[in-house]
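Got the model open in your viewer? Let's take a walk through it, one selection at a time.

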Amino acid sequence: MAGMDAVSDTPLLPQASTLAERVDALFFTLVGVDVVMVLVLSGLIVGFAVHYRRGARVNRTTDAPETKTEIVWSLGLLAVFLAIFVWAAHLYVEEASPPNNALEIHAIGKQWMWKFQHQNGRREINELHVPLGVPVKVVLATQDVIHSFFVPAFRVKQDLVPGRFRTVWFTPSRIGRYHLFCAEYCGLDHSRMRGRVIVMEPAEYEAWLADVSAEPSPAQGEKLFSSLGCIACHGAGSKVAAPPLAGIFGKPVPLKGGRTVIADETYIRDSILTPEKQVVAGYEPIMPSFAGRVNESDLTRLIAYIKSLSGEEGRP
Amino acid sequence: MTADISVRKNYLNRDYSIASWLTTIDHKRIAWLYLVSITAFFFFGGAAATLIRLELATPAGDVVETETYNRLFSLHGIVMVWFFLVPSIPATLGNFLIPLMIGARDVAFPRLNLLSWYLYVIGGTFTLAMAIAGGVDTGWTFYTPYSSLFANGQVVLAVVGVIVAGFSSILTGLNFIVTVHNMRAPGLHWTRLPLFVWANYATAIIMVLATPVLAITLLLIALERIFGIGIFDPKVGGDPVLFQHLFWFYSHPAVYIMILPGMGVVSEIITCFARKRIFGYDGMAFALLAIALIGFLVWGHHLFVAGESVYAGVIFSLLSFMVAVPSGIKVFNWAATLYKGSVSFETPMLYALGFVGLFTVGGLTGITVAATAVDVHVHDTYFVIAHFHYIMVGGMVMAYFGGLHFWWPKMTGRIYPDRWGRIAAITIFVGFNLTFFPQFVLGYLGMPRRYHTYPDEFQLLNVLSSAGAPVLAIGYLLPLVYLLYSLKWGPVAGPNPWDAKGLEWQTPSPPPEHNFDRLPVVTQEPYAYGLPKRDSDAARS
């Protein structure tokens, strides 16, 4: 999984939204303030400690005006802190108010994947395509626990709260592929609830949006089903003892160990990538993992095919 | 034989039986009961941390299973927060020293004090049972609805353990407040109270006022898990964010439970080894109370991206900057205390100076996360992990070790090898920075916390951090060896090996059962390290 997420063509933390530069400006100002304060304080401490070390012949008579000194540095600190507060709050309020013309995309988080739906209905899983230079507002909802939508390259983060819609917005400013992380601990595979945000030229985005052939279709899934060799075990008439897939989508599946899961997108996805984790009752754990061999788009196609076997519409 | 007869009876040698320890109501012995128990939990929680750092040395999950990893970081948090940090200084050094420092025979309620320790042990037993039964994977924060509706682990056992331990800290706080109000020796006005006592007094206020809210909140989780009552579950009318408000209403003040006593320790050590009065006594005592009180009003800064309103976020940010001012005053005053002093560098002083440096970094990065727009980016990343470890470990644990080394001769009557003490202090300082500094960078680059696996580009910094962990571990194991060694082979300390001024140094080491042979009378300020010597020093001894 880690290899699949590597973003090699970009610096460690690119500034990929209009907000990123402004957050960095504040952040590095704060780092500057921190460095100066640490140097001043450790300079004072080490300087005094060495200069007034025991045995040194120095003048130790003192009548430092304590209260006056304390008031001076309290007011100094207060002034610096208030300036930082105002600067940060200004940005924060802006981050909370998306422009009216923003492109709206809907997102659903669930253990442990991201699902997105664009305005024309096109959907994707664990990938989010967005146009360069256009304000994008993502409406966030969660199907189970709290998740958090975090794109470091954009410097944005927003929790997905059960029972509410939350929004996050950004204007992408750099073409590229960037990490999407779940930042709020959400259970077992929290660290694998990762995706990618792909920033494209607006024209390219429009073309991508309109390209229905890229939509996962059951037919493409069926092709993969045979080319990857799934059919050898799961196909009708196979001699290998593998659970049949027709009609299972959306139905409860009894697992080895007594638990039951609903065969939804997540379950099928997990069964392809980590088959040994949830073995159907009555079968041996003989299926190999396809992690690294199928990408996210192929997964959605395979899922679309398996759905179609239950008479469902071929869209994830 | 004659030597035996001349050995004074003290609180340690008056009775060696185990029963005498388990039924003791002597605050000094109860301090030892706590010391032994929290040391066990410290190394237990530390072992979990070691496994975590081992796992994170590579991006893939290859040392432990994901589920095990999630249970390890939850165990580490629960054990370190509630079974080490919260009781660390108050229950050990606080218990031992507060009556001695105020010239009292014991705390106000000695039996209640013993009950506190038993509650701690019962809470700890629940926690161990939870760990043995498989643990929990909720993190120490128990966020709903994950903890209440989804987690499979021993959540009820875990919260019961924490609730019981919480009552232990409520009773300790209550005991300290009443003791400080009612049992001060003649002449010991509030303005003559050592800052260590002020710090524990401020801490006690938080313990008494905040901990009940934690108990209520965790009880609600247990009720929701067992009976399906809709407190936090939106499907039945609850609100998961309500949990975060309630939890941090305790847990943010609890951060101050975990740092104020350390500030008290450091004030005692720096004055003693600089041979100088504390700079700005009134300001220092006032700052402790200000932090304790304003600390109750900043909890919302944990929720900047969690679904509180923008206006709430802005107000909580402002209040968080306010609480940083008194902390700033303290750091400047410690520095100013060294000015014109006569500074020496024995083990406790190295820890105290280390505390000031690391606490400063922790405090300043606290300012960084109080700045709303920056927090949006670094929230729930390793930046926050680094920040609070600089406060909790760089601050509180350094102070705890400093205090332990400072008062060890008083508690045991023996001197430990100072050279080894200094080596350990420096090892801890170096190991700590190596472990946690890279995590600031990791967090800024975007690595989220509680990740079992992570993208390849974060590996270098994780390897650095993992390389620091064994150095830190050696630093923590060293004192275990030489302090135990000193119990038998250390030179006899005498009543006041550091030539310190507090009342606790005016009685033999180890102190007699009832602390003082004669009721002490206080005639001067707590830090009369006058240079040149004042007349009052002679009059006092």
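Domain bounds here come from an automatic or database domain assignment. Before clicking, note that this is a predicted model, in which local features need pLDDT of at least 70 and side-chain atom pairs count only at pLDDT 80 or more, while totals for chains, interfaces and linings use all residues. Residues are numbered from 1 along each chain as its sequence is written, and chains are lettered from A and ligands numbered from 1 in the order in which they are written.

**Stop one: the domains of chain A**

Colour 1-56 together with 98-215 of chain A and you have domain 1; 216-308 is domain 2. Put a marker at the C-alpha centre of each: domain 1 of chain A and domain 2 of chain A are 32 Å apart by that yardstick.

**Stop two: where A meets B**

Now select the contact, counting two residues as touching if their C-beta atoms, placed from the backbone, lie within 7 Å. You should pick up 72 residues from chain A and 69 residues from chain B. On the chain A side, α1 (2-5), α2 (18-51), α3 (66-95), β6 (147-151), β7 (156-160) and β9 (176-182) each bring at least two residues. Those labels are DSSP runs numbered from the N terminus: helices (H or I) need at least four residues, strands (E) at least two. Zoom in on α3(A), which gives the largest share of that side with 17 residues.

What is the chain A side made of? It splits into 43 nonpolar, twelve polar and 17 charged residues. Here Ala, Val, Leu, Ile, Met, Phe, Trp, Tyr, Cys and Pro are nonpolar, Asp, Glu, Lys and Arg are charged, and the others, Gly among them, are polar.

**Stop three: backbone oddities**

Most residues other than glycine have a negative phi, and most peptide bonds are trans. Jump to W112(A), in the loop between β1 (103-110) and β2 (113-117) of chain A: the bond joining Q111(A) to W112(A) is cis, with omega about -5°.

Over in chain B, find P145(B) in the loop between α5 (110-132) and α6 (146-150). The T144(B) to P145(B) peptide bond is cis too, omega near 0°.

Next, select D380(B), between α14 (372-378) and α15 (382-412) of chain B. Its phi is positive, near 60°, and it isn't a glycine. Is D380(B) buried or exposed? Buried, with 24 other C-beta atoms within 10 Å; the cut-off is 20 or more, with C-beta atoms placed from the backbone, while 12 or fewer means exposed and anything in between partly exposed.

Finish at R450(B), in the loop between α16 (418-445) and α17 (459-489) of chain B. R450(B) is another non-glycine with a positive phi, about 60°, and is buried, with 21 C-beta neighbours inside 10 Å.
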